[in-house]
Amino acid sequence: MTDFTMILDADGVATITWDVPGKSMNVMSLAGFAELNAHIDTALADAAVKGIIITSGKKDFAGGMDLNVIAKMRDDGGAEGIFTGVMQMHQILRKIERAGMDPKTLKGGKPIVAALPGTALGIGLELPLACHRIIAADNPKAKIGLPEIMVGIFPGAGGTTRLVRKMGAMMAAPFLLEGKLSDPKAAKAGGIIDEVVAPEDLLTRAKDWVLSTKEADLVKPWDAKGYKMPGGTPYHPAGYMTFVGANAMALGKTMGVYPAAKALLGAVYEGALVPFDVALKIEARQFTSVLMNPSSTAMIRSLFINKEALEKGANRPDAPDQTVRKVGIIGAGMMGAGIAYVSANAGIEVVLIDAAQDAADRGKAHSAALLDKGIQRRKVTVEKKAEVLARITATTDYAALSGCDLIVEAVFEDPKVKAEVTARVEAATGPDCIFATNTSTLPISSLAKASGRPDQFIGIHFFSPVDKMMLVEIIRGKQTGDRAVACALDFVRQIRKTPIVVNDARFFYANRCIIPYINEGIRMVAEGVEPALVENAAKLVGMPLGPLQLVDETSIDLGVKIARATRAAMGDAYPDGAVDAVLFWMADQGRLGKKANAGFYAYDDAGKRQGLWEGLASQYPVAKDQPDLTLVQHRLLMAQVLEAVRALQDGVLTDIREGDVGAILGWGFAPWSGGPFGWLDIIGAARAVEICDALTASFGARFAAPALLRDMAASGATLYGKTARQAA
Ligand code: NAD
């Protein structure tokens, strides 16, 4: 098995081709790095080699580092193992950068060019950054960048140090701190890469450059005498402004909860004050500290390893391939229109049905509008738009459903309407067709009563807006069969979203956990806790939206509707009367949330959020004594986390990986923690029980620690440790 091969042509140009066997995308492993190193040594030592091209045998250059390798480095060698491993990578990349030149005269180096046919991410860009020139094929689908920050780490193979020295801290900030990705032309305009050429000219141009370049072109600016960092170092007046600004911006965005953002800024700031090789060492130390932080372990586990495992069908039942060629979508409203778009975009033929033709047409127009936006952003071509739209038939005629493999029903949230639609669909489709409902609140098993084929009846719960939200919750009803689950999973894979499979219960999984979060926030308002404290406490613990903003966004009348339905279903056991008092009062005041330009927040006429609504205090005055921040955070987090644990205990969730990935993608649960179960493992079950006991004493039984947590606290077990087979 070789990841890198090298051939030398008659003109003395060695081409090193990266082509990891059996994978569609190159990823870097330790063995791969060693191979690359050996080829570089050979080429530099061989007098017949005039220069080197590093390219890929695949349509893309590389997807990045194999994060499993990083996890293994940490598990096997701890901090020392990571630091040593990273320093070895630095050494190899530095060797490429110096390319055999005399360290004093900077002469005698061999030109090394990176020729990128397509996507180059993470180490797939850090390696080119160490080369003397980066040439990319003009491939608008290619993505170039350093997305490490998205999974809780940062570019640690010299990418941080090199990009800052190449572009300056200010220009490098969006790429390092936000993981911004660009297509080749934008990457060239941004100064990350040097040249973009027609795909068919890539290797010829790379070879021409190798053979024609001058010795002086090989010396990196930071290795040349008199180098000054673009934009200035921290003690330069301009640099000072950049660093103060970047620090404030990063903390403003991350609220200080992401160790990777802090460590990255540390590496950039400290690195800017010292010579290049020392900066690399600092980068390696900061990188090691991040990898040793439990947050990065949890983030890599949920956002990379387990997310990918779920997408690849980790929980798919053993059933034949259920690829969907034709999908019928009933109800062309907000959700149906979105589902039609993502399906047609994935190459699936779509029949979009509504009760009236103009409603069906409006649903199809949603796709046209999204595609037009794509055209404006140069992500979609006019031909692609025509192709996608041609796949969507907007109609009122159920006969058009003939030949569908799957139906997704997204009509009004009314069991009677849904039952009628189910019967009509089953009369119009073949016996093998799977029927999915997109209901958000109605139990799947009771909706399935309207079906003559309950084993083919399932829930596929999308989140709004469908084109943006990556999670899809698949709900197994009591009678749902394996083929239906397999079909739902295959469909979600086709539309490139992330599935979780849960069992049927009130509000399934995501909404079941979000509602207590919102309710806890509202409950605090009723108790006289300063609303700003509630909102900021949530954000400072990494929630994207405070509970009051969240209920404003989803609408207060929806909250009222859900509260009424839940109360009707639960009777005397209903626990949320205190919450309802606030919600109902808000609704009576006409403050229905963002859509009404009035809610817990005030909005201007254009719908822009202005700040918390001061009128709330007239009904719910702010108490003189305010709780401390940590207490508010514990209430907000535990409200969600305990619900997730109960969902696991009740068998609604069957896999903690799904609970964690679903929480982050579904409602943005503090991503730094890796999800609710990740958070419990970080603080430990014993501490969690202690927090629950204190909260129960002050606020009641909703915070009682579930048996599962108490058992774990007693035995010292962890969730991921306990199910080690499933953990990273
Ligand atoms: P919507 O009101 O925007 O759309 C419903 C559409 O169904 C309308 O276009 C309506 O004309 C059509 N319709 C109603 N009865 C019909 C019938 N008998 N035959 C054909 N078409 C019919 O509603 P929505 O927000 O898109 O929600 C649809 C479903 O998705 C509901 O079950 C809802 O609970 C669920 N859901 C909504 C959200 C959300 O955020 N809005 C999220 C997840 C799930």
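How many helices and strands are there in the protein chain? In this predicted model, the protein chain contains 29 helices and 21 strands. Its radius of gyration is 28 Å, close to the 27 Å that the globule rule gives for 728 residues, so the protein chain is as compact as a globular protein of that length. Along the principal axes, the C-alpha atoms occupy a box of roughly 85 × 65 × 55 Å.

Three domains are assigned within the protein chain: domain 1 spans residues 4-292, domain 2 residues 326-506 and domain 3 residues 511-727. The centres of domain 2 and domain 3, taken over C-alpha atoms, are separated by 30 Å. Contact between these two domains involves 13 residues of domain 2 and 13 residues of domain 3.

The size of an interface is often expressed as the accessible area lost when the parts come together. For domain 2 and domain 3, the buried area is about 1200 Å², with 60% given by carbon and sulfur atoms. On the side of domain 2 that touches domain 3, strand β19 (residues 498-503) gives the most, with five residues. The residues on this side of domain 2 comprise eight nonpolar, four polar and one charged. Zero salt bridges are found by the rule across the interface of domain 2 and domain 3, whereas three residue pairs, both members at pLDDT 80 or more, are in polar contact across the interface.

Side chains of opposite charge can pair when their charged atoms come close. Over the whole structure, the search identifies 40 salt bridges. One of the salt bridges is formed by Asp9 and Lys207, whose closest N and O atoms are 2.8 Å apart. Asp9 is located in the loop between β1 (4-8) and β2 (13-18), and Lys207 in helix α7 (residues 202-212); the pair therefore ties together parts that are 198 residues apart in sequence.

Two features of the backbone were also examined. Ser464 and Pro465 are joined by a cis peptide bond, with omega of about -5°. Pro465 is placed in the loop between β17 (457-462) and β18 (471-476). Phe508, a residue other than glycine, has a positive phi value, near 55°. The position of Phe508 is in the loop between β19 and α18 (510-527); strand β19 is also the element that gives the most to the side of domain 2 touching domain 3.

Methods:
Residues are numbered from 1 along each chain as its sequence is written. This is a predicted model: local features need pLDDT of at least 70, side-chain atom pairs count only at pLDDT 80 or more; totals for chains, interfaces and linings use all residues. Side-chain values use heavy atoms; hydrogens and water are left out. Domain bounds come from an automatic or database domain assignment. Contact means heavy atoms within 4.5 Å. Buried area is the accessible area (1.4 Å probe) that two parts lose on being put together, summed over both. A salt bridge is a side-chain nitrogen of Lys or Arg within 4 Å of a carboxyl oxygen of Asp or Glu. A polar contact is a pair of N or O atoms within 3.5 Å; within protein, one must be able to donate a hydrogen and the other to accept it, and residues adjacent in sequence count only if both atoms are side-chain atoms. Helices (H or I, at least four residues) and strands (E, at least two) are DSSP runs, numbered from the N terminus. Ala, Val, Leu, Ile, Met, Phe, Trp, Tyr, Cys and Pro count as nonpolar, Asp, Glu, Lys and Arg as charged, and the others, Gly among them, as polar. The radius of gyration is taken over C-alpha atoms; the globule rule is 2.2 Å times the number of residues to the power 0.38.
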